[in-house]
Each structure stands twice: as structure tokens, then as C-alpha cells.
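Trainee: I've got a model open and I'm keen to learn how to read it. Can we go through it together, one question at a time?

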Amino acid sequence: MSSHEKPDILGNVPLHTAKWLSLHSLSYRDCAGEIRTWESLARTTRPSGADSDGADIIATIKRADADDQIVLVKQFRPPMGTYTLEFPAGLMDAAESIETTATRELYEETGYTGRVEKVSTAVSMDPGASNCATTVVVITIDGDLAKNTNPEKHPDEGEYIEVICLPVKGLLAKLEELSASMVIDSRLYTYALGLSYSQ
């Protein structure tokens, strides 16, 4: 068979299903026609028909008399065994639009409210290990509004989040400084790296 044959999935066998995740054994045909297997994780919470599990939120605070700030969240992540710094994010509820997911999660995790500016297509998160996908939602926060002056977060039970707002200018250097005490999420670091080349 040609080495340019299109790979395809031949089978998907669930190995274990828990509350949030399921482990699967995938059988597939590779580009050379060989039959292979692959272990893969999937979220159990993705709504039927959705191509994404939830939203990652790039939220920027804009004020008339101050530099722009990016809204981030610090929380303990058991799989990492330490604190991480990330964009606000969350899973999509059934029958919920991704815009609603993003604005709801931003409010719950940080207390901020804002205007949706852009919504990406579904993008993969860790394609070598899972089929988990997210949608990136860009939100602008009017920091001069009274409700965004001292916002109060509304986390879920068992969710302990510290909101950290950092200047957009010089973000990469600040993240590298903070990396001594916490793990920086790869999406956030990549975003900051891209900004550093454009500033």
C-alpha cells in the first residue's frame, strides 16, 4: 500500500470510564497501511454534536487611563501536583453556546463581564494523548465600568482560584519570572511569546 495512504480509525474500545474522563484503545491504519493501536483519553462531558469541550478565554481589561491587562487564573492542578497559571476556561454545558460558556466561566472564575470579540474554530489541546478540544474566545472588558472595578468571583464548590491580572506589555518576561513558583500553561506561554514578537 502507498505510503501516502490516508490514515483512518478502525475501532474504538472503551477501557475505563470515570466521572470526567474515559480511556480508550484505538485501532487505526497508518500511512503505510500498518494496523496499529493507540491509547487515548476523552472527556465524558462534551455535549452531543459539539466539536469542542469548552472555552479558553483571552480576556483583556481596557481602561482609559491605564495600560491593557490580561486576566489570568492561578489554581492548584492535581495532575501537575502544583499551581498553574492559565487563561480562564471551562467546560460547555448542554444546549449552551460557546459564547455563553465563555462569558459564564469568565464571570464565575473572575467576576469580570465583557464583550465577545472573536470565537475560534475548535482547536486540539493534547492530540497525542486525547481528543480534547477547546474553542478560544476573545473578550474585551471595560475596566471603567463600576461592575468591573472590584469584581467578585463565583467559583464552583471545591474550586479555589486566584485572579491575577498582568500587563499585556512585557507579558512574556513576567511569565518567565512567575515560572519559578508555578507552572505556566502552554497556551498562555505561546500567546505571550507571540506578543513578544509583535511588540
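Trainee: Let's start with strands. Which residue of β3 is the bridge partner of S27?

Mentor: Keep in mind that this is a predicted model. S27 has its bridge partner in β3, and β3 runs antiparallel to β2 (residues 21-29), with nine bridges joining the two. The partner of S27 is T37.

Trainee: Okay, and which strands stand at the edges of that sheet?

Mentor: The sheet is open and has three strands in the order β1-β2-β3, paired antiparallel. An edge strand has a single partner, so one side of it is left without a neighbour in the sheet. From one strand to the next, the twist averages 25°. The edge strands are β1 (8-17) and β3 (35-43).

Trainee: Now the helices. Do we call α2 oblique or roughly parallel to α3?

Mentor: Look at the angle: helix α2 (residues 171-178) and helix α3 (residues 186-198) pack at about 140°, with their axes 8 Å apart. Roughly antiparallel would need an angle over 145, and roughly parallel one under 35. That makes α2, relative to α3, oblique.

Trainee: How many nonpolar residues are in the contact of α2 with α3?

Mentor: On the α2 side you'll find L171, L172, L175 and E176, and the α3 side includes L188, Y189 and Y191. By class, one residue of the contact is polar, one is charged, and the nonpolar ones number nine.

Trainee: Which element gives the most to the largest nonpolar core?

Mentor: That core has 17 residues, and I70, L72, L85, L166 and L175 touch the most other members. At least two residues each come from β5 (66-77), β10 (162-167), α2 and α3. With four residues, the top contributor is α2.

Trainee: Which residues of the core's best-connected set does L166 touch?

Mentor: Leaving out residues up to four places away in sequence, L166 touches D68, Q69, L171, K174 and L178, among others. Now pick out the ones from the set that touches the most other core members. Those contacts of L166 include I70, L72, L85 and L175.

Trainee: Last one: is T135 buried or exposed?

Mentor: T135 lies in strand β9 (residues 133-142). Its contacts, not counting residues up to four places away in sequence, include S52, G54, A55, I98 and V119. The relative accessibility of T135 is 4%, and the cut-off is under 20%, so T135 counts as buried.

Key. Residues are numbered from 1 along each chain as its sequence is written. This is a predicted model: local features need pLDDT of at least 70, side-chain atom pairs count only at pLDDT 80 or more; totals for chains, interfaces and linings use all residues. Side-chain values use heavy atoms; hydrogens and water are left out. Two strands pair if DSSP finds at least two bridges between them. Axes are lines fitted to C-alpha atoms, for helices over the stretch in contact, and angles run from 0 to 180 degrees between N-to-C directions. Angles under 35 degrees count as roughly parallel, over 145 as roughly antiparallel, 65 to 115 as roughly perpendicular and the rest as oblique. Contact means heavy atoms within 4.5 Å. Ala, Val, Leu, Ile, Met, Phe, Trp, Tyr, Cys and Pro count as nonpolar, Asp, Glu, Lys and Arg as charged, and the others, Gly among them, as polar. Buried means under 20% relative accessible area, exposed over 50%, partly exposed in between (1.4 Å probe, protein chains only). A nonpolar core is a set of buried Ala, Val, Leu, Ile, Met, Phe, Trp, Tyr and Cys residues joined through side-chain atoms within 4.5 Å.
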